[in-house]
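Colleague: Could you walk me through one part of this model in detail? I would enjoy a careful look at a single spot, followed by how the rest of the chain is held together.

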Amino acid sequence: MIIVVVFAILITISYPSYSEFILKSRRLDAQSEIMGLAHRQEKHYAANATYTVNMMSLQYDSSTSTTTVEGYYQVSVEPATAACPLSHCFLLKAVALGHQKNDRFSVIDLHSSGRKQMQEKTSGNFHSGWDD
């Protein structure tokens, strides 16, 4: 009986850490897809002298967004702005889906300048880089 109690205590202590580790590791799904999308954007730019928001032009099935391979994020190209016209730059965004919404970071971004950032779910603050 004591062994069962000790085992239950160990599981209670370790499960939150394990859950956090799983959520953190799933960010790689978004990061990988974003890097692939950035590569496609650069190929499109080399051929057309502009970036695009139409993901079908980048060989995706949908014109507006795609779900990552593992299905944990929805990835899209943000619309052009005065600060970031498609003739000069792009901004890629991955938004958490399903259980991944429980991660402390809900959005992962990559700018054409190479700037990487993640948006914290609770505060909305952005953290530089993809490491936390």
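Is Met1 buried or exposed, and what is its relative accessibility?

Modeller: Happy to take you through that, with the reminder that this is a predicted model. Met1 counts as exposed, because its relative accessibility is 81% and the cut-off for exposed is over 50%. Along the chain, Met1 sits in the segment before helix 1, which covers residues 2–48. Met1 also has company on the surface: together with Val4, Val5, Ile9 and Ile13 it forms a nonpolar patch. The accessible area of these residues adds up to about 560 Å².

From there, let us move to the charged pairs. In general, side chains of opposite charge can pair when their charged atoms come close. This structure holds three salt bridges.

One of them joins Asp103 to Arg27, with 2.7 Å between the closest N and O atoms. Asp103 belongs to the loop between strand 3 (91–96) and strand 4 (105–111), while Arg27 belongs to helix 1, so this pair ties together parts that are 76 residues apart in sequence. Asp103 is buried, since its relative accessible area is 4%. Arg27 counts as buried too, at 4% relative accessibility.

Another salt bridge brings together the side chains of Lys93 and Glu78, at 3.8 Å from N to O. Here Lys93 is in strand 3 and Glu78 in the loop between strand 2 (73–77) and strand 3, so the pair links distant parts of the chain, 15 residues apart. Lys93 is partly exposed, with a relative accessible area of 21%, and Glu78 is partly exposed as well, at 23%.

Then there is the salt bridge between the side chains of Arg104 and Glu120, at 4.0 Å from N to O. Arg104 lies in the loop between strand 3 and strand 4, and Glu120 lies in strand 5 (residues 116–120), so parts that are 16 residues apart in sequence are tied together by this pair. The two partners differ in burial: Arg104 counts as partly exposed at 39% relative accessibility, whereas Glu120 is buried, with a relative accessible area of 18%.

Next come the rings. A pair of aromatic rings is described by the distance of the centres and the angle of the planes. The count here comes to two aromatic pairs. Tyr45 and Tyr51 are stacked, 4.6 Å centre to centre and with 25° between the planes. Tyr45 is partly exposed, with a relative accessible area of 32%, but Tyr51 counts as buried at 8% relative accessibility. Tyr51 also pairs with Phe90, this time edge-to-face, at 4.8 Å centre to centre and 75° between the planes. That pair links distant parts of the chain, 39 residues apart: Tyr51 is in the loop between helix 1 and strand 1, and Phe90 is in the loop between strand 2 and strand 3. Both Tyr51 and Phe90 are buried. Through these ring pairs, Tyr45, Tyr51 and Phe90 are linked into a cluster.

One last stop is Ser65, found in strand 1 (residues 65–67). Ser65 is buried, because its relative accessible area of 15% falls under 20%. Its side chain makes a polar contact with the side chain of Gln74, at 2.4 Å. Leaving aside neighbours within four places in sequence, Ser65 is in contact with Met55, Gln74, Val75 and Ser76.

Notes
Residues numbered from 1 in each chain as written. Predicted model: local features only at pLDDT ≥ 70, side-chain atom pairs only at ≥ 80, totals over all residues. Heavy atoms only, no water. Helix = DSSP H or I, 4+ residues; strand = E, 2+ residues; numbered from the N terminus. Buried < 20%, exposed > 50% of the residue type's maximum accessible area, 1.4 Å probe, protein only. Polar contact = N/O pair within 3.5 Å; in protein donor to acceptor, adjacent residues only side chain to side chain. Contact = heavy atoms within 4.5 Å. Patch = residues over 30% accessible without salt bridge, like charges linked within 9 Å, V, L, I, M, F, W, Y side chains within 5 Å. Areas by Shrake-Rupley, 256 points an atom, 1.4 Å probe, with all protein chains shown as cover. Phe/Tyr/Trp six-rings, centres within 6.5 Å; stacked < 30°, edge-to-face > 60°.
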